[in-house]
Each structure stands twice: as C-alpha cells, then as structure tokens.
Amino acid sequence: MKKVGLVIVLLITMVLFASGCSQKAPDNMKNETEKMPDKNIVQTAEDAGSFTTLITAIKAAGLEETLSGKGPFTVFAPTDEAFAALPNGTLDSLLQNKTALTRVLTYHVASGNYTASDIVGMKSIKTLEGSDLQVNTVDGVKVGDANVTTADIETSNGVIHVIDKVQIPPE
C-alpha cells in the first residue's frame with residue numbers, strides 16, 4: 001500500500017511540474033532577440049555609413065530632433081548613391097534652400113510604423129510633406145519611382161526602408 005501511495009505522489013508531482021513548465025513566459029520577459037532596438041532613426045542611419053548625405057541634409061533642414069524623437073516614423077531613406085545620381089547642382093541647391101530641402105526630406109517620411117508587409121497592401125502612403133507617395137508592388141516594392149532595396153530596418157522610433165532614388169514631391 002505504501003508503494004501505491006508513493007507512486008501516486010510521484011505521478012502528481014510529475015504532472016504539476018510538467019504543467020508549470022509549459023506555461024508561456026510573461027510579455028515582460030521576452031528573449032533578447034525580441035528586444036526593441038535602442039537606436040533611433042538618425043542614429044541607425046549614421047551607424048549604417050551609407051546615408052551620410054541624408055544625415056547632412058536632415059541636419060541642414062533642422063529635422064534631426066524630430067526624426068530622433070518619439071515617432072513612430074517610416075523613413076524611405078535614399079542612399080548616398082541615390083543622392084549622387086541627382087542632376088548636377090540639385091543637391092547643392094537643396095542644401096542652400098531650407099524650405100525646399102525640408103519639403104523633399106519630409107516627402108520621404110510617413111507618420112507611423114509601416115513594415116514591408118503593411119506597405120504591400122497599400123496603393124500610396126501619406127507623407128509628412130502632405131502628398132501621397134505612390135506604392136507599387138507588382139515587380140518588387142517601389143515607392144514613387146524608387147526601388148526598396150532593403151526593407152524593415154527597425155529602430156527605436158520607427159522603421160527605415162532603403163531606396164535607390166531620391167523622390168521629389170509633386171508641385
């Protein structure tokens with residue numbers, strides 16, 4: 001009789017132990033790979049090394065504080081090569097005209113955190129500049145006439161999508 005009681009106690013202990021091990025961890029105990037990035041959009045772009053012209057333009061337009069702020073923002077970030085492909089004199093002209101520069105830069109930013117999977121279902125996205133930036137997902141992902149070459153670079157205040165062409169807002 002003692003053996004039966006011992007077996008029952010062991011079975012109950014095993015069941016209780018197994019049920020306790022299968023519980024989901026609370027949300028505040030997520031593993032390190034699910035942790036939010038600690039760098040904002042500006043810091044992330046600076047660290048990447050391929051957005052020096054964009055960072056220069058952001059600072060010249062006085063948008064550094066905004067794009068380092070709470071957000072969330074979605075930034076379609078032209079690379080240095082995209083800025084270099086602008087017609088001669090365009091970048092210099094923009095850098096000397098803060099209003100025009102701000103307009104061009106805010107045409108690359110949307111309020112909200114739009115990942116690639118969100119964008120795929122959209123026809124356009126409203127930019128901070130005020131105009132809609134057209135989205136086309138027929139052959140890859142395009143915003144305006146730029147290809148998204150790298151998507152979903154997460155930051156602490158939004159997401160960056162790398163594009164291969166500077167977008168100029170409509171008049």
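This is a short walk through one predicted model, from the whole chain down to single residues.

Let's start with confidence. The mean pLDDT of the chain is 85. Of its residues, 80% reach 70 or more. Now look at residues 1-32. There the pLDDT is below 50. That stretch also has zero contacts in the model beyond near neighbours in sequence. I'll leave it there and move on.

Next, the overall picture. The chain has 171 residues, and 33% of them count as buried. Its secondary structure comes to eight helices and seven strands. The accessible surface is about 10600 Å². Carbon and sulfur atoms make up 56% of that surface. Now take the contacts in the chain with a separation of 6 or more. Residues 24 or more positions apart account for 62% of them.

On to the sheet. In what order do the seven strands of the open sheet lie? Reading across, the order is β2-β1-β7-β6-β5-β4-β3, and the pairing is mixed. At the edges stand β2 and β3, residues 124-126. Each has a single partner strand, so one side of each is left without a neighbour in the sheet. As background, strands of a sheet pair through backbone hydrogen bonds, parallel or antiparallel.

Strand β1 shows both kinds of pairing. With β2, residues 109-111, it runs antiparallel, and three bridges join the two. In that pairing, V75 stands opposite V109. With β7, strand β1 runs parallel, and six bridges join them. Two partners to find on screen: F73 has G158 as its bridge partner in β7, and F76 has H161.

How many of the six residues of β1 are buried? Six of the six are. Which way do they point? F73, V75 and A77 go one way from the strand, and T74, F76 and P78 go the other. Both sets are buried.

Let's zoom in on T74, in strand β1. Its relative accessible area is 0%. Buried means under 20%, so T74 counts as buried. The side chain of T74 reaches the backbone nitrogen of Y114, at 2.7 Å. Neighbours within four places in sequence aside, T74 is in contact with H108, V109, A110, G112, N113, Y114, V159 and H161. Two of those names came up a moment ago. V109 is the residue opposite V75, and H161 is the bridge partner of F76.

Just before β1 there is a feature in the backbone. P72 sits in the loop between α4 and β1. A cis peptide bond joins G71 and P72, with omega about 5°.

Now a helix: α2, residues 41-48. Which of its residues are buried? They are I41, V42, T44 and A45. Why do they end up on the same side of α2? They cover an arc of only 165° around the axis, and that puts them on the same side. A general point helps here. An α-helix has 3.6 residues a turn, so residues three or four places apart point the same way.

What do the buried residues of α2 pack against? Two helices and three strands: α3 (52-61), α4 (64-68), β1 (73-78), β6 (146-155) and β7 (158-163). So this brings us back to β1, as one of the partners.

Check both ends of α2 too. At the N-terminal end, N40 is the cap. A side-chain oxygen of N40 lies 2.9 Å from the backbone nitrogen of V42. After the helix comes G49, with a positive phi near 85°.

There is another positive phi to look at. D152 is in strand β6. Its phi is about 60°, although D152 is not a glycine. Is D152 buried or exposed? Neither label fits: at a relative accessible area of 33%, D152 is partly exposed.

Last stop, S131. You'll find it in the loop between β3 and β4 (132-136). S131 is buried, with a relative accessible area of 16%. Its side chain makes a polar contact with the side chain of E129, at 2.7 Å. Leaving aside neighbours within four places in sequence, S131 is in contact with Y107, I125, K126 and P170.

To recap. Strand β1 pairs with β2 antiparallel and with β7 parallel. The buried residues of α2 pack against β1, among other elements. And for residues 1-32, remember the pLDDT below 50.

How values were computed:
Residues numbered from 1 in each chain as written. Heavy atoms only, no water. Buried < 20%, exposed > 50% of the residue type's maximum accessible area, 1.4 Å probe, protein only. Helix = DSSP H or I, 4+ residues; strand = E, 2+ residues; numbered from the N terminus. Arc of directions from axis to C-beta. Contact = heavy atoms within 4.5 Å. Polar contact = N/O pair within 3.5 Å; in protein donor to acceptor, adjacent residues only side chain to side chain. Areas by Shrake-Rupley, 256 points an atom, 1.4 Å probe, with all protein chains shown as cover. Pairing = 2+ DSSP bridges. pLDDT = per-residue confidence, 0-100.
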